Amino acid sequence: MMRAMQIWKLSMVALVLAHAAVGAAPQLPATATLVKTSHFRVTGPDAGVNSVIASYAESALANAAQLTGLPVSSDRFLPMRIEILSDSNRPEQRVTRYQRLSEGMLDQRIRVLNPVRVDTEDFLEALCWLALNRLAVQQQTYLVMPAPPQVPEWLAVGLAQNLFPQYSQRNRQVALQRWRAGRATRFAEILTWRLLPEGRWADKALCGEAIEFLFAAPDRTALLAALLERAVAGRELSADWLAPRLGAPDVRALEKQWDLWVLHWEGTVQNFGALTRQNTDALRELLHVDPAAYGFTALSASVRLTPQDFITRRKEVVIRRLAEQVSTAVQSSGLGRPPEYQLVLGAWGEYFDEVANVPPKGWRRFFHRAANEKQLRAFLAVAEGQLAAIEQTLDRRRDYMAEFEKKLRTRQTVAPAPTNAAPVAPRQP
């Protein structure tokens with residue numbers, strides 16, 4: 001259930017960011033509201049939206065800390081600033097990250113222009129880059145910091161790509177498809193990508209897989225600390241340096257480990273790939289209930305029942321009996337489907353069971369009471385939310401893979417290639 005709720009939370013943030021643009025002035029007004037959390041200060045025209053974005057940023061940072069084992073200390077840094085702006089005269093969207101030293105303290109900011117069109121992953125990548133730079137500062141033992149650290153972008157992008165499970169599923173599929181097409185990317189090459197273009201590109205999926213590969217090491221926290229220490233010192237994060245830390249005698253053995261890592265997802269990715277919008281569309285059709293299909297000929301054969309109809313007619317005995325059969329049909333429709341989909345079907349089964357007033361199994365049945373209208377609507381909202389979230393995930397995966405396949409069919413690149421050029425000056429807001 002927690003995994004499904006993570007997917008739901010991520011899908012909802014796009015709606016929140018869209019709401020931020022409603023009614024906003026062409027530029028950040030002087031009366032912009034400020035919301036404070038442990039690690040962030042969020043300014044924008046809507047206090048409610050600012051609060052949700054601050055909460056989302058805190059949850060992403062907490063996920064990063066759990067993944068790396070290295071939490072950012074709020075006592076050592078100024079809060080990170082997030083500025084929300086909307087400008088109807090500028091059609092583009094942009095997530096700009098910025099950092100500098102201010103009186104010896106690290107001043108870091110993210111500016112989101114026209115959030116209604118912003119890619120959530122761009123926001124997460126900017127957040128992870130700044131957070132990793134903070135962690136790099138925490139690894140230092142000297143007191144004077146001549147300049148802010150700048151970790152390579154493959155590291156920050158890869159961490160962002162592992163904060164939520166649906167990204168990992170998609171990235172594994174991209175890496176596998178590239179390998180099958182004979183265009184596998186060497187792990188040593190990924191380590192040279194200091195700068196990456198904005199937007200969604202297959203290279204970023206490989207960064208996500210690279211981080212997942214690294215974090216499979218027995219002590220990923222110590223490994224990341226060593227990576228950050230070397231990065232902040234300006235030393236190359238080369239395959240030669242990394243190989244012995246991953247138990248490989250040389251770079252060739254490291255590349256073999258990388259290939260085996262990509263290939264070991266074969267069964268898992270195919271399992272998730274077996275789920276398509278045809279499955280969710282079929283579920284939508286099943287939720288548009290035809291009573292005659294279940295043998296309830298006493299009900300009007302010309303009228304199909306929506307899930308909401310079951311609430312308004314829940315006091316009818318025949319409706320409760322129908323709901324019980326619909327619950328069974330819905331949950332059995334997911335046989336052989338991946339766990340993510342089983343959670344969605346389970347939520348719908350729970351809703352129809354509550355309408356049918358079916359007592360739960362185990363000791364809880366002794367305390368069971370029929371759900372009232374408000375409670376039923378809450379169950380329905382959860383089920384609808386989870387179904388909408390997985391539909392959105394499938395749509396994003398479909399679009400992402402279509403873009404990837406298009407890149408495979410043409411020799412012309414649609415974005416500048418990753419580069420191992422020297423770090424450039426921090427981006428100005």
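Two residues are said to meet, or to be in contact, when heavy atoms of theirs lie within 4.5 Å. With that in mind, this tour walks through a predicted model, helix by helix.

**First stop: helix α5 and its partner**

Select residues 165-180, which form helix α5, and look at its two ends: the C-alpha atoms there are 23 Å apart, which agrees with the 22 Å that 16 residues should span at 1.5 Å a residue. Now show the surroundings as well, because 14 of the 16 residues of α5 are buried, so that this helix is largely enclosed by the rest of the structure. Following α5 you will come to G182, a residue whose phi is positive, near 75 degrees.

Next, add residues 251-263, helix α10, whose axis comes within 9 Å of that of α5 and crosses it at roughly 115 degrees. The two helices, α5 and α10, are therefore roughly perpendicular to each other, and their crossing is left-handed. To see where they touch, display the side chains of A175, L176 and W179 in α5 together with those of D259, V262 and L263 in α10, since these are the residues that meet. Sorted by class, this contact of α5 with α10 holds five nonpolar residues, one charged residue and no polar ones.

**Second stop: helices α2 and α3**

Move on to residues 47-68, helix α2, and residues 120-138, helix α3, whose axes come within 11 Å and cross at roughly 60 degrees. At that angle α2 and α3 are oblique to each other, and the crossing in which α2 passes α3 is right-handed. On the α2 side, pick out Y56, A57, A60 and L61, and on the α3 side T120, F123, L124, L127 and A131, which are the residues they meet. The residues of this contact between α2 and α3 comprise eight nonpolar and one polar, with no charged residue.

**Last stop: helix α8**

Finally, select residues 220-232, helix α8, where the end C-alpha atoms are 18 Å apart, in agreement with the 18 Å that its 13 residues should span at 1.5 Å a residue. Colour L223, L224, A225, L227, L228 and A231, which are the buried residues of α8. Which helices help to cover the buried residues of α8? Among them are α2 and α3, already visited on this tour, along with α4 (153-160), α7 (202-214) and α9 (239-242). Before leaving, step just past the end of α8 to G234, which takes a positive phi of about 80 degrees.

Definitions and conventions:
Residues numbered from 1 in each chain as written. Predicted model: local features only at pLDDT ≥ 70, side-chain atom pairs only at ≥ 80, totals over all residues. Heavy atoms only, no water. Helix = DSSP H or I, 4+ residues; strand = E, 2+ residues; numbered from the N terminus. Expected span 1.5 Å × (residues − 1). Buried < 20%, exposed > 50% of the residue type's maximum accessible area, 1.4 Å probe, protein only. Axes fitted to C-alpha atoms, helices over the stretch in contact; angles between N-to-C directions. Parallel < 35°, antiparallel > 145°, perpendicular 65-115°, else oblique. Left-handed = near helix turned anticlockwise from the far one by under 90°. Nonpolar A, V, L, I, M, F, W, Y, C, P; charged D, E, K, R; others polar.
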